[in-house]
Amino acid sequence: MAGEPQEDCLFCKIVAGQIPATVVRETDTTVAFRDINPQAPTHILVIPKAHYPDAAALAAGAPELAADVLRETQAIADGEQLDSYRVVFNTGSGAGQTVFHAHAHVLGGRGLEWPPG
């Protein structure tokens, strides 16, 4: 069921404290932690504490929670003193999503070229 923790979800386990992560910020509705395979000097994931499989499901099922995630990306950028940064939501395996729990990548600390892939 949407919003409910999933036993086989890596990010649900991080939210529950069952798997360690380098948490940089936490709110009532979100957790932000450093990516274990960073693609930029700053690479932080912002996840909702509630489980939604991807950004589309999050936006449809809990738009206020999607807004919380986006607000936190700015808070992360401010905390990391990033003048510019990129926010990426991968939706689906063809787009590079490997953990099927909605999450935003906050990338910064170096020049980011366009197009990205």
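User: What phi does glutamine 81 take, just after helix 3?

Analyst: Glutamine 81 takes a positive phi of about 55 degrees. This is a predicted model, where local features need pLDDT of at least 70, side-chain atom pairs count only at pLDDT 80 or more, and totals for chains, interfaces and linings use all residues. Residues are numbered from 1 along each chain as its sequence is written, and side-chain values use heavy atoms, leaving out hydrogens and water.

User: Why is helix 3 called a helix?

Analyst: Helices are DSSP runs of H or I with at least four residues (strands: E, at least two), numbered from the N terminus. Helix 3 has 17 residues, so the definition is met. Its ends, C-alpha to C-alpha, are 24 Å apart, close to the expected 24 Å (1.5 Å times one less than the number of residues).

User: What makes residues of helix 3 count as buried, and which are they?

Analyst: Buried means under 20% relative accessible area with a 1.4 Å probe, protein chains only (exposed is over 50%, partly exposed in between). Among those in helix 3 are Leu65, Val69 and Ile76. Their cover includes helix 2 (55-61) and strands 1 to 5, contact being heavy atoms within 4.5 Å.

User: How do you know that strands 3 and 5 pair?

Analyst: Pairing requires at least two DSSP bridges. Five bridges join strand 3 (residues 42-48) to strand 5 (residues 104-108), so these strands pair. In one of these, valine 46 partners alanine 104.

User: Why are strand 1 and strand 4 called edge strands?

Analyst: The open, antiparallel sheet has the order 1-2-3-5-4. Strand 1 (23-26) and strand 4 (85-88) each pair on one side only.
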